[in-house]
Amino acid sequence: GDGTVVNLLVQVRPRPVASNLIVAGPVLAAAAEKNLVQLRFQAGKAGRYNAFIVPSYYTYKVNAGDAQYLTIMEILPHNGGCRIVNEPMKEGTVEVVLRNCSLKLDPSGFDVYSAFVYVEDEIGNLGQVSQPVLLNFGAAQEE
């Protein structure tokens with residue numbers, strides 16, 4: 001060679017920057033009940049959020065894209081309650097109330113659930129999904 005360095009341009013696709021971030025939480029605001037799950041979180045800025053619950057065995061598959069459009073078959077329950085979709089949020093702490101969940105929280109049972117929050121900006125660019133919040137620890141017993 002003549003000593004010149006050949007620059008090989010390698011296209012590295014940068015990871016898309018999330019349009020909004022969860023800066024605190026989510027945490028349980030109260031012990032989970034069969035038909036009522038209350039969460040609290042804080043996003044980096046105003047925007048929109050989703051909240052939903054899946055069986056805990058499924059949590060490793062939940063990514064931001066699935067959380068954005070709720071394209072997750074395992075979201076509970078299948079009748080459409082117990083979720084929040086495209087809810088506007090202001091800056092600061094957000095109180096989430098999920099109703100009609102029909103959870104089986106019997107302490108002797110094997111049903112374990114995790115709640116997730118997903119946040120994005122005000123125009124719907126892909127954002128961030130939270131860590132799972134396990135609902136069965138400190139869970140209220142079923143009636």
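This tour goes through a few backbone features of a predicted model, with a stop at the end for a stretch of low confidence.

Before selecting anything, colour the chain by pLDDT, and keep in mind that the mean for the protein is 85, with 81% of its residues at 70 or more.

Select strand β1, residues 22–28, and go to Pro26, which lies within that strand. Show the backbone between Gly25 and Pro26, where the two residues are joined by a cis peptide bond with an omega of about 0°. This bond deserves a pause, because most peptide bonds are trans, just as most residues other than glycine have a negative phi.

The second half of that rule leads to the next two stops. Select Leu70, whose phi is near 55°, a positive value in a residue that is not glycine. To place Leu70, display α1 (64–69) and β4 (84–89), since the loop between them is where this residue is found. Is Leu70 buried or exposed? With a relative accessibility of 15%, Leu70 counts as buried, because the cut-off for that class is under 20%.

Now move to Asn86, which has its place in strand β4. Here too phi is positive in a residue other than glycine, with a value near 50°. Turn on the surface at Asn86, which is partly exposed at a relative accessible area of 41%.

Finally, select residues 138–143, over which pLDDT stays under 50. The model has 13 contacts beyond four places in sequence for residues 138–143, and these are to be read together with that low confidence.

Terms used:
Residues are numbered from 1 along each chain as its sequence is written. This is a predicted model: local features need pLDDT of at least 70, side-chain atom pairs count only at pLDDT 80 or more; totals for chains, interfaces and linings use all residues. Side-chain values use heavy atoms; hydrogens and water are left out. Helices (H or I, at least four residues) and strands (E, at least two) are DSSP runs, numbered from the N terminus. Buried means under 20% relative accessible area, exposed over 50%, partly exposed in between (1.4 Å probe, protein chains only). pLDDT is the predictor's confidence in each residue, from 0 to 100. Contact means heavy atoms within 4.5 Å.
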